[in-house]
Amino acid sequence: MRRYVYQGKILSLAIEDEHWEIVEHKDAVALLVQDPERGVLFVRQYRPAVGGRTLEIPAGLIEPGERPESAAARELAEEAQLGGRLERLAEFYVSPGFTDEKTYLFRVHDPRPAAGTPDADEELEVVWLDPDDVLAGVCAGSVQVSAATLIGLLYATGAER
């Protein structure tokens, strides 16, 4: 039996069987955009939860009733002003030891301009970087990324095989 101790906009904290602490969290999408000349598209942003700026591939939450593909198209337009054909690469749980959050990773083919309205509370810097350089920075501990970004980098560099 689950007892809720907190219910918010994007997550709820429940205690199951008076033992397990479980964070119920909205699912998310992440987008890998590659260009042979510019590299991979990233966004830099401040993340209060970790107290610093991270480098991430575009990503965002899936709203209730929204399909992952629709959320991916919306987030890409909002964060990078881009659209394109989406290919689902993977889906994975962020940290199944305590949360049910699942992320759907998409590759964007044929990126093209698309109008999107950025979230009012987000300050993003869009940058194109060499994925091998970013992966080296992650391995060296000098670049902070999300798990979705790391998985996207493995796809971008061919290391997922």
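Buried, for this talk, means under 20% relative accessible area; exposed means over 50%, and partly exposed is in between, with a 1.4 Å probe and protein chains only. By that rule Glu 24 is buried, at 19% relative accessibility.

Now the ground rules. This is a predicted model, so local features need pLDDT of at least 70 and side-chain atom pairs count only at pLDDT 80 or more, while totals for chains, interfaces and linings use all residues. Residues are numbered from 1 along each chain as its sequence is written, and side-chain values use heavy atoms, with hydrogens and water left out.

Let me start with the strands. Helices (H or I, at least four residues) and strands (E, at least two) are DSSP runs, numbered from the N terminus. Two strands pair if DSSP finds at least two bridges between them. S1 and S2 (residues 11–16) run antiparallel, joined by five bridges. Arg 3 has Ile 15 in S2 as its bridge partner. Three residues make the hairpin connection from S1 to S2. Next, S2 to S3: antiparallel again, with six bridges. Here Leu 13 is opposite Val 23 in S3. This hairpin also has three residues between its strands, and Asp 17 in the turn has a positive phi of about 55°.

On to charges. A salt bridge here is a side-chain nitrogen of Lys or Arg within 4 Å of a carboxyl oxygen of Asp or Glu. The count by this rule is 16. Take Arg 2 and Glu 24: their closest N and O atoms are 2.6 Å apart. Arg 2 sits in S1 (residues 2–7) and Glu 24 in S3 (residues 20–25), so this pair ties together parts 22 residues apart in sequence. Arg 2 is partly exposed, at 35% relative accessible area.

Second pair: Arg 107 and Glu 87, at 3.8 Å, N to O. Arg 107 is in S9 and Glu 87 in S8 (residues 82–93), so parts 20 residues apart in sequence are tied together. Arg 107 is buried at 17% relative accessibility. Glu 87 is partly exposed at 31%.

Third pair: Glu 91 and Arg 88, with closest N and O atoms 2.9 Å apart. Glu 91 is partly exposed, with a relative accessible area of 39%. Arg 88 is partly exposed too, at 36%. Both belong to a network of salt bridges that links Arg 67, Glu 69, Arg 88, Glu 91 and Lys 102.

What about Lys 102: buried or exposed? Buried, with a relative accessible area of 17%. Lys 102 is in strand S9 (residues 102–113). Contact means heavy atoms within 4.5 Å. Leaving aside neighbours within four places in sequence, Lys 102 contacts Asp 27, Ala 28, Glu 91, Phe 92 and Tyr 93.

Last, helix H2, residues 131–140. Its buried residues include Pro 131, Val 134, Leu 135, Gly 137 and Val 138. Down the axis, the buried residues of H2 fall within an arc of 160°, so they line one face. That arc is taken from the directions from the helix axis to the C-beta atoms. On the other side, Asp 133, Cys 139 and Ala 140 are exposed. Which elements cover the buried residues of H2? Among them are strands S5 (39–47), S6 (52–56) and S10 (125–129), and helix H3 (147–157).

Now the ends. Asp 130 caps the N-terminal end of H2, with a side-chain oxygen 2.8 Å from the backbone nitrogen of Asp 132. After H2 comes Gly 141, with a positive phi near 85°.

Note on methods: Polar contact = N/O pair within 3.5 Å; in protein donor to acceptor, adjacent residues only side chain to side chain.
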